Amino acid sequence: KIEKTAANIIEQIESLNKIASDFSKFSKPIREPFDTVDIKKLLRSVAELYTNDESVKITMHFQQSDLIVYFLADEIRRVIINLLKNSI
């Protein structure tokens, strides 16, 4: 569990680092390639950030089928994190 949490924290730190660098290129269009991303996995990853926060309860319900989306994973991760922070 510690390794999983540490990996998730590292992933989020990298995302925060990217946010900081994005401020310098804010006015420039995104030129990064899009990826196919398992949105369920991404949502679970973000939800894990709040597993130790007893004041937050996140419940997710997914259909059995895969939910693969074509986008910039870091960008949508930041959107989801911001939505959760704002809702909390």
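Angles between helix axes that are under 35 degrees count as roughly parallel, those over 145 as roughly antiparallel, those from 65 to 115 as roughly perpendicular, and the rest as oblique. The exercises below concern a predicted model.

**Exercise 1.** Determine how H2 and H3 are oriented to each other, and name the residues that make the contact.

*Solution.* Begin with the axes of H2 and H3, which come within 10 Å and cross at roughly 45 degrees. This angle falls in none of the three named ranges, and H2 and H3 are therefore oblique to each other. The crossing in which H2 passes H3 is right-handed. On the side of H2, the contact is made by Ile-39, Leu-42, Leu-43, Ser-45 and Val-46, while H3 contributes Ala-73, Ile-76, Arg-77, Ile-80, Ile-81 and Leu-84.

**Exercise 2.** Decide whether Arg-77 is buried or exposed, and find the polar partners of its side chain.

*Solution.* First locate Arg-77, which lies in helix H3, spanning residues 73–87. Its relative accessibility is 8%, and because buried means under 20%, Arg-77 counts as buried. Next, look at its side chain, which is joined to that of Glu-11 by a polar contact of 2.7 Å and to that of Ser-45 by one of 3.3 Å.

**Exercise 3.** Identify the largest nonpolar core and the helix that gives the most to it.

*Solution.* The largest nonpolar core has 11 residues in all, among them Val-37, Ile-39, Tyr-50, Phe-71 and Ile-80. Helix H2 (39–48) and H3 each supply at least two residues of this core, and H3 gives the most, with 4 residues. Within this core, Ile-39 is in contact with Phe-71 and Ile-80.

How values were computed:
Residues are numbered from 1 along each chain as its sequence is written. This is a predicted model: local features need pLDDT of at least 70, side-chain atom pairs count only at pLDDT 80 or more; totals for chains, interfaces and linings use all residues. Side-chain values use heavy atoms; hydrogens and water are left out. Buried means under 20% relative accessible area, exposed over 50%, partly exposed in between (1.4 Å probe, protein chains only). A polar contact is a pair of N or O atoms within 3.5 Å; within protein, one must be able to donate a hydrogen and the other to accept it, and residues adjacent in sequence count only if both atoms are side-chain atoms. A nonpolar core is a set of buried Ala, Val, Leu, Ile, Met, Phe, Trp, Tyr and Cys residues joined through side-chain atoms within 4.5 Å. Contact means heavy atoms within 4.5 Å. Axes are lines fitted to C-alpha atoms, for helices over the stretch in contact, and angles run from 0 to 180 degrees between N-to-C directions. A crossing is left-handed if the near helix is turned anticlockwise from the far one by less than a right angle, and right-handed if clockwise. Lists of a residue's contacts leave out its neighbours within four places in sequence.
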